[in-house]
4 protein chains.
Amino acid sequence: MIFAVFGGDKRQARLAAQLKSDGHTVRAFAMEGAELPAEVIHFSEITRGAVSDADCVILPLPASVKRGYLNAPMAAEDHCIGEVFGAMLPGQIACAGITNDYMRSLAELQCVQLFDYYTREELLAINAVATAEGAIGILLQETDAALWQSRILILGWGRLGHALAPRLQAFGARVSVSARNPGDIAWISAGGFEPLDTRRLESRLGGFDILINTIPSLVLTADRLRELRPSALVIDLASKPGGVDFEAAKELGLKTMHALSLPGIWAPETAAAAIKEAVYNILEEDTGKG
Amino acid sequence: MIFAVFGGDKRQARLAAQLKSDGHTVRAFAMEGAELPAEVIHFSEITRGAVSDADCVILPLPASVKRGYLNAPMAAEDHCIGEVFGAMLPGQIACAGITNDYMRSLAELQCVQLFDYYTREELLAINAVATAEGAIGILLQETDAALWQSRILILGWGRLGHALAPRLQAFGARVSVSARNPGDIAWISAGGFEPLDTRRLESRLGGFDILINTIPSLVLTADRLRELRPSALVIDLASKPGGVDFEAAKELGLKTMHALSLPGIWAPETAAAAIKEAVYNILEEDTGKG
Amino acid sequence: MIFAVFGGDKRQARLAAQLKSDGHTVRAFAMEGAELPAEVIHFSEITRGAVSDADCVILPLPASVKRGYLNAPMAAEDHCIGEVFGAMLPGQIACAGITNDYMRSLAELQCVQLFDYYTREELLAINAVATAEGAIGILLQETDAALWQSRILILGWGRLGHALAPRLQAFGARVSVSARNPGDIAWISAGGFEPLDTRRLESRLGGFDILINTIPSLVLTADRLRELRPSALVIDLASKPGGVDFEAAKELGLKTMHALSLPGIWAPETAAAAIKEAVYNILEEDTGKG
Amino acid sequence: MIFAVFGGDKRQARLAAQLKSDGHTVRAFAMEGAELPAEVIHFSEITRGAVSDADCVILPLPASVKRGYLNAPMAAEDHCIGEVFGAMLPGQIACAGITNDYMRSLAELQCVQLFDYYTREELLAINAVATAEGAIGILLQETDAALWQSRILILGWGRLGHALAPRLQAFGARVSVSARNPGDIAWISAGGFEPLDTRRLESRLGGFDILINTIPSLVLTADRLRELRPSALVIDLASKPGGVDFEAAKELGLKTMHALSLPGIWAPETAAAAIKEAVYNILEEDTGKG
């Protein structure tokens, strides 16, 4: 098959290389600054000639950061999403990470079949694993004490909480996890972790050395931050704006980090492989290709 | 509060004792054969006088086995569900494990508020843990080899699979788990287990010493059973009729077991506590009591 | 090679079958009541003709229970160790599990090369694993509550403690381990378990649901047993006389068990394979055979 | 008590602070560049007046790097070990990490009681844990793929192997461990890891993504390194000269690292606490103080 791969970071460059190594023809666009294997040809312009015979066009994760523009930190210049879709023929397939209304409207106008691979559980699972590894890497770097015997609170029992809790426990940390509903509380407990109620954290927060937030809403408010011990480390893994009152944390002199896009930084090879699998599955299940 | 506890097995008797020990008034019905603490009064008849002032009537898990009848293996005689509901006043609350259409119609007719505690995730989680413990107890008893280094296939990545896989792995078993969709496959893999596709088990089954089915549909067909090594042990944990062609297994001389209601047998105390918690949560969330 | 296998329980019978299945000639003695494969010939008498050309004579584990006699619970009649050694030629090799002075003197007199396979770490390790599995099987059977969230104290950080602690923790139990020296205390803690000092258990014992002793000296004295909660379960895995004051426990109404020879009962196949490996290693390392 | 703390890195400075925070009087020497709490007084000269009333003199880990000299990377100038012992009175106690013949002779001449805390198992255990954390931190940084599903070989089943293997397995890595004797092989296997024979690694090494050496002798020879895949990462944790032919590795273009003193870099707080505990135990057990 022919793949046209656009923009993105290190992860997207690895994806191009992996597709090539699977035997496909791969064309790269908008990644002038990337290291690519010789067999992946980089096109300096986005032309219909180079794009329109591709079996699948792959946009990065996230596909867009600035509204209307392709996310392409390694490109020599800016490109609009419209440029990409404009070079495609009606009926062609595009796969993108995190699509939005604008992108979907544009795709519809151009009669492009647009699929969001960031909705595929097989990608989200591996992403959670890679994010957990990155978060642990950060914890190891940022703390002077061992993770062993440290008291850690994970806020939220979603994919990330599931990946983090057993890994931290294997380090000998004392892991608590907070959630809201009784079912999650029961599963946290069933997994061997101490459950806390996210709505009733008051007077419980002073005991932790490390807090890891995974909840995408303001859960570590100024009032709650005031309870933390001064030496506590707070890491927020929830996408912007996150779940920590960073302003208040700064005033309190707390050490905080908003750590995003960890898979692309800590494990780009694995993150790329997960995108590749998701794209293959989309092609097979949803389009009959692949 | 006043609880009226009906029928059931060892688990229901423990539930009565635990409610008592929490400071409630507890009346027991249809469990003549049970061991009960002295403070739990057993009523030999189901009368409106003994039932109608209860804050909550608790039917067992499952509430009914034979259509229309209360599940009450320790009772001196048979009782209809109608007898229980008939002794209640309009608006009274009943909690039951696994309700059906018949039961719900009856409750509606009698204006009884009927809640099914077996839909509560906090109960289902603990039930999965207790079932996993029972299943491991059976495996330890039924095999002459250690679980250590045995090759085990768990069919299905639901609650039970989640509870079984890490426990078996801690024994040093080589754990494979089968599932259908790519998301489950990814999470199985993310958990450190070998994933298999339930639809493509052919020619993969000959390598396992132990197979544990958790899928409630015929997955271990005669054709698949023929692939097993003669010494393999097959345990079916899915509710009746289960997922194993037991007829075919018998002809093939395979050792099989259909193991049901394990929590009530292997951990009645914990199973009762989980029902209690679920009932308390129902009373608090859904009725404002508790 | 030719093996002559004597006495023992189920484990020794499995050992005979496994040696056969490895391609050796196997002769069995003093196990009239055992199930043996057809190719293993059972000799009704211990004669020099049947024994003297064996490359290795294997006595059971333990080799002797009653002083001077072969441990042979499945034999039709009693046999002396002297009978076995007497049928051997000078220089012949015998492997036995747990030898004593008497046995070693006898071997020296008969010029038999006697090796104790129960000193081989590769056997002791697997034995610890199989014992841990048996102990967990007993715990699952004997308790009405789940192991999950139960508070368990393991007395002793030897091979058995090492095998038990992580397995019980995977069940979600809260595992404490007691030891005497600071190094063991540190490793218990490094493994993620709560360490206790065996010499300072006073006023710490009331919190446990289950106590598992692995120390072969009187550690659970009457005074200490008095601290236990009435519902506590005490399992002693240390060889006779064990480490529990059973007399005192009985008076206190505590539930206790002295559980011995668990590998032969719960995992005879694996236990036999471990003996086989140890014997092969002895033959290779110590005698140049194998 | 009065402690006189000499030289060392970040770890030694933390030790001074921790001793202070336990209520002791702490004097620091030869660490001009260290951050110390205000209550710890730093002495610019090593005089008998400042040293001779100390209950315990603590030298760093390692006590000496250049023969005869104190290991004091944060000091303004060089100091001889003789200077330290020379300021002590006969009978005074010194604790040092890794002593050598020279140091012991000197101590004897000065009638100083010298104890080596690096022989204490409680310190070695925590050191292994902290080293494992550091090694995992390095792996997370240095690899573009996730640890999850990576194939890792740990060479050696000593303290470090024991700490590394379960932590890496919790990441979902496929962990093999090599050892020489059958007992270690059995325990590796009992722990759920794949065992390899260190003497027979030939033709087995090509399958690994990561190799971690913990054996202090040349085990990864040029011949063996030639078997590795070009992308393999080799980390040597054994003290100098280590167990890897670094020269040959360089020629082969392999990525290697000799990673030493990880606890002081990755977890100085925990490493200091472990030294403190070891010193307290020496004072209590060996000198009757403490």
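This is a dialogue on reading helices, contacts, symmetry and a core in a predicted model.

Trainee: Let's begin with a helix. Where does H1 of chain B run, and why does its length make sense?

Mentor: One can compare the rise per residue with the distance between the two ends. Helix H1 of chain B covers residues 10-21, and at 1.5 Å a residue its 12 residues should span 16 Å; the end C-alpha atoms are 17 Å apart, so the two values agree.

Trainee: Is H1(B) mostly covered or mostly open?

Mentor: Here we count neighbours around each residue, and a residue with 20 or more other C-beta atoms within 10 Å is called buried. By that count H1(B) is mostly covered, with nine of its 12 residues buried. Among them are B:Leu15, B:Ala16 and B:Leu19, and also B:Arg11, B:Arg14 and B:Lys20.

Trainee: Which elements cover the buried residues of H1(B)?

Mentor: Both strands and helices of chain B take part. The cover includes strands S1 (2-6), S2 (25-29) and S4 (56-58), together with helices H10 (262-266) and H11 (268-286).

Trainee: Which residue just after H1(B) takes a positive phi?

Mentor: Look at B:Gly23, where phi is about 100°.

Trainee: Now for the chain contacts. How many residues of chain A are in contact with chain D?

Mentor: Chain A brings 22 residues, and they meet 22 residues of chain D. On the chain A side, the elements giving two or more residues are helices H5 (121-142), H6 (159-170) and H11 (268-287). H5(A) has the largest share, seven residues. Sorted by class, this side of chain A holds 14 nonpolar, four polar and four charged residues.

Trainee: How should I read the contact between chain C and chain D? How many residues does each chain give?

Mentor: The reading goes the same way as before. Chain C and chain D each contribute 14 residues. On the side of chain C, helices H5 (121-142) and H7 (182-190) are the elements that give two or more, and H7(C) gives the most, with six residues. The classes on this side are nine nonpolar, two polar and three charged.

Trainee: What turn lays chain A on chain D?

Mentor: To find the symmetry, superpose the copies and read off the turn and the shift. For chains A and D the turn is 180°, with a shift of 0.0 Å along the axis and an RMSD of 0.0 Å. That is the relation of a two-fold axis. The same surface serves both copies, as 100% of the contact residues of chain A recur in chain D.

Trainee: And what rotation superposes chain C on chain D?

Mentor: That one is a rotation of 180° with 0.0 Å of shift along its axis, at an RMSD of 0.1 Å. In chain C, C:Pro166 has the C-alpha nearest the axis, 5.2 Å from it. Here too the same surface is used in both copies: 100% of the contact residues of chain C recur in chain D.

Trainee: Which residues touch the most other members of the largest nonpolar core?

Mentor: The core has 446 residues, and the answer is Val57 in each of four chains: A:Val57, B:Val57, C:Val57 and D:Val57. Leaving out residues up to four places away in sequence, A:Val57 touches residues including A:Phe6, A:Val51, A:Met88 and A:Ile93.

Trainee: One last residue: where is A:Asn100 found?

Mentor: A:Asn100 sits in the loop between strand S5 (93-96) and helix H4 (101-109) of chain A. A:Asn100 counts as partly exposed because 15 other C-beta atoms lie within 10 Å. Its C-alpha is 8.8 Å from that of A:Ser64, a residue 36 residues apart from A:Asn100 along the chain.

How values were computed. Residues are numbered from 1 along each chain as its sequence is written. Chains are lettered from A and ligands numbered from 1 in the order in which they are written. This is a predicted model: local features need pLDDT of at least 70, side-chain atom pairs count only at pLDDT 80 or more; totals for chains, interfaces and linings use all residues. Helices (H or I, at least four residues) and strands (E, at least two) are DSSP runs, numbered from the N terminus. The expected span of a helix is 1.5 Å times one less than its number of residues. Two residues are in contact if their C-beta atoms, placed from the backbone, lie within 7 Å. Ala, Val, Leu, Ile, Met, Phe, Trp, Tyr, Cys and Pro count as nonpolar, Asp, Glu, Lys and Arg as charged, and the others, Gly among them, as polar. Copies are superposed by least squares on the C-alpha atoms of residues with pLDDT of at least 70 in both. A nonpolar core is a set of buried Ala, Val, Leu, Ile, Met, Phe, Trp, Tyr and Cys residues joined through C-beta atoms within 7 Å.
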